[in-house]
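Visitor: Could you take me through one part of this model in close detail? I would like to know how a single strand sits among its neighbours.

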Amino acid sequence: RQLLEKVVLNDDEESYLSKNNEINVGVLNSLAPTAFYNEQGVFDGIDRDILNLISKRTGLNFTYQGFDSWDELYKSMLAGKVDMLTSITATANRREKLLFTKAYWKTPWVILHPQHLGRLTTLAGFNGKSLAIVKGFYVSDFLRENYPQITLKFVNDRQEGLMAIQQRKAIGLVETISSASQLLKQESLVSLAISVVDGMPRDKSHIGVQKNTPVL
């Protein structure tokens with residue numbers, strides 16, 4: 001039970017902790033249920049729960065810096081403006097720039113689309129159509145490489161992606177199933193459905209840290 005409550009740190013980790021007790025975490029302002037600011041203006045969600053556990057078991061203290069878009073958050077991380085970020089997939093390209101923990105959260109990618117399309121079971125069903133996807137999402141590289149007949153419309157966030165569907169600029173929105181399910185709870189989205197399609201990779205969330213702080 002003691003090991004569940006407190007992590008045993010080595011000398012290097014204890015030394016780092018004594019000098020760097022407060023860690024600045026870059027987070028997204030609105031990505032419920034994973035990461036978001038609640039009505040009280042407090043950072044909340046699955047990622048906050050995980051970081052609370054880490055804080056409790058290691059003694060690290062986290063401060064949070066919110067960003068409106070993933071692209072903005074990732075660029076700030078690369079510029080060294082934040083110490084770490086959550087919910088990032090460790091692609092080969094990103095491993096050249098950052099260090100990563102093991103994956104702590106796995107979830108399928110899905111397509112959110114109008115109900116009248118029915119249940120689409122393959123990505124090939126979207127050939128010749130446009131899909132909205134948040135700028136900076138690594139899965140866009142997968143789609144371009146494996147499904148070049150799908151046109152990708154890049155948006156800053158999922159709300160802009162939903163607007164693209166409403167304005168018929170895209171037939172669907174690429175999102176994780178947790179995020180898409182949260183969006184469906186909104187009353188205005190009753191005409192939309194989720195398709196879990198074959199061929200899409202599973203998203204694996206890691207915590208990313210700066211390369212100059214491997215001890216973290």
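Guide: Here is a walk along one strand and its partners, followed by a short stop at a separate sheet. Please keep in mind that this is a predicted model.

Let's settle on strand S8, which covers residues 105–114. Of its ten residues, seven are buried, and buried here means under 20% relative accessible area. S8 is therefore largely enclosed by the rest of the structure.

Now for the strands that pair with S8. One of them is S13, residues 202–210, which runs antiparallel to S8 and is joined to it by four bridges. You can find this pairing at Thr107, whose bridge partner in S13 is Asp203. Strand S11, residues 172–176, also pairs with S8 in the antiparallel sense, again over four bridges. Look here for Trp109, which is bridged to Thr176 of S11. Then there is S12, residues 192–195, antiparallel to S8 and linked to it by four bridges. In this pairing, His113 has Ala193 of S12 as its bridge partner.

For another view of strand pairing, turn to the open sheet built from three strands in the order S2-S3-S4, with antiparallel pairing. S2 (30–31) and S4 (43–44) are its edge strands, and each has a single partner strand, so one side of each is left without a neighbour in the sheet. S3, residues 35–37, is joined to S4 by two bridges in the antiparallel sense. A good residue to pick out there is Phe36, which has Asp44 of S4 as its bridge partner.

Note on methods:
Residues are numbered from 1 along each chain as its sequence is written. This is a predicted model: local features need pLDDT of at least 70, side-chain atom pairs count only at pLDDT 80 or more; totals for chains, interfaces and linings use all residues. Side-chain values use heavy atoms; hydrogens and water are left out. Buried means under 20% relative accessible area, exposed over 50%, partly exposed in between (1.4 Å probe, protein chains only). Two strands pair if DSSP finds at least two bridges between them.
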